[in-house]
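Please open the model in your viewer and keep the sequence panel beside it, since each stop on this tour begins with a selection.

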Amino acid sequence: MNRIIVGFMGTGKTSVSKVLGRMTGLPCYDVDNWIEKKAGKSIPAIFAEEGEAGFRKRESEALKALLAQDGCILSGGGGIVLREENVAMMKERGIVFCLTASPETIYRRVGKDENRPNLDGYRSPKGIRELMERREEAYQRATDVRIDTDGKSVEEVAAEILRVSGKAGNHE
Ligand code: S3P
């Protein structure tokens, strides 16, 4: 069983999965990180040179490669739920946790971060709410367990994931 963490940009997916990795000793992978390493370029560079379609293709390939393993903690990018094939793979290979936060919290955390090209044009709490609402259905379809992160520490969110999914790794 893999634990897969999804959610909108700035909900803390990468930080939570790192802490979970430390708490459990399980291998921990970040899909965006994997994509950047394989491509030898940053996500903004991939978007600029290959467009979002190029990035999404790389994202599905990375997810497939990583999910060939078992007993891992995986964090995906905010748009990983947008492709039906990704959702199917994630549901088949693990428990999908979706982290949420208010548009205000997300704006405070990542609103000015230029490494998130898909926030361009939405860099206000109102804009973030709009993009979130547009993606809501996709998150719902992908999610097994939803966890609100507002007002919680990374450790609290990680502990909640462990409470729900148990502490075991490979042999379930
Ligand atoms: C994206 C989110 C990013 C990254 C890419 C696209 C999105 O990941 O995958 O910039 O479309 O929501 P984070 O959620 O880690 O920022």
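## Starting in a loop

Begin by selecting Arg123, which sits in the loop between α5 (103–110) and α6; bear in mind throughout that this is a predicted model. With a relative accessible area of 28%, Arg123 is partly exposed. If you then add Val81 to the selection, you will have two residues that are 42 apart along the chain, and the distance between their C-alpha atoms is 21 Å.

## Along helix α6

Next, select residues 125–142, which make up helix α6. This helix has 18 residues and spans 24 Å from its first C-alpha to its last, close to the 26 Å expected at 1.5 Å a residue. Centre the view on Arg135, where α6 has a kink of about 45°. Which residues of α6 are buried? They are Gly127, Ile128, Leu131, Met132, Arg135, Ala138, Tyr139 and Ala142, so the residue on which the kink is centred, Arg135, is itself listed among the buried ones. As background to reading such a pattern, an α-helix has 3.6 residues a turn, so residues three or four places apart point the same way.

## The largest pocket

Now show the pockets and turn to the largest one, which holds about 680 Å³ of space. Its lining is made up of 36 residues, and those to select for a view of its centre are Met9, Lys13, Thr14, Asp32 and Arg116, which lie nearest to that point. Colouring by element is useful here, as α1 (13–24), α2 (31–39), α3 (43–66) and α7 (154–165) are the elements that give two or more residues to the lining. Of these, α3 gives the most, with six residues. If you colour the lining by class instead, you should find nine nonpolar, 16 polar and eleven charged residues.

## Two aromatic pairs

Display the aromatic side chains next; the count of aromatic pairs comes to two. In one of them, the ring centres of Tyr29 and Trp34 are 6.5 Å apart and the ring planes stand at 90°, so this pair is edge-to-face. Tyr29 counts as partly exposed at 25% relative accessibility, and Trp34 is likewise partly exposed, at 30%. For the other pair, select Phe47 and Phe55, whose ring centres lie 5.0 Å apart with planes at 35°, so the pair is classed as tilted. Are these two phenylalanines, Phe47 and Phe55, buried or exposed? Both are buried.

## Three further selections

Within helix α2, select Val31, which counts as buried because its relative accessibility is 0%. Adding Asn86 gives a pair 55 residues apart in sequence and 12 Å apart in space, taken from C-alpha to C-alpha.

Move then to helix α3 and select Arg58, which is partly exposed, with a relative accessible area of 25%. Between the C-alpha atoms of Arg58 and Pro27, which are 31 residues apart along the chain, the separation is 21 Å.

Finish with Gly166, which is found in the segment after α7 and is partly exposed, with a relative accessible area of 28%. Its partner for a last distance label is Val6, 160 residues away along the chain, and the C-alpha atoms of Gly166 and Val6 are separated by 19 Å.

Methods. Residues numbered from 1 in each chain as written. Predicted model: local features only at pLDDT ≥ 70, side-chain atom pairs only at ≥ 80, totals over all residues. Heavy atoms only, no water. 1 Å grid on protein atoms, 1.4 Å probe; cavity = no way out; pocket = protein on both sides within 12 Å on 5 of 7 lines; lining within 4 Å. Points joined across faces, edges and corners; volume = space filled by probe spheres on them. Helix = DSSP H or I, 4+ residues; strand = E, 2+ residues; numbered from the N terminus. Nonpolar A, V, L, I, M, F, W, Y, C, P; charged D, E, K, R; others polar. Phe/Tyr/Trp six-rings, centres within 6.5 Å; stacked < 30°, edge-to-face > 60°. Buried < 20%, exposed > 50% of the residue type's maximum accessible area, 1.4 Å probe, protein only. Expected span 1.5 Å × (residues − 1). Bend = angle between axes of the 7 residues up to and from the residue.
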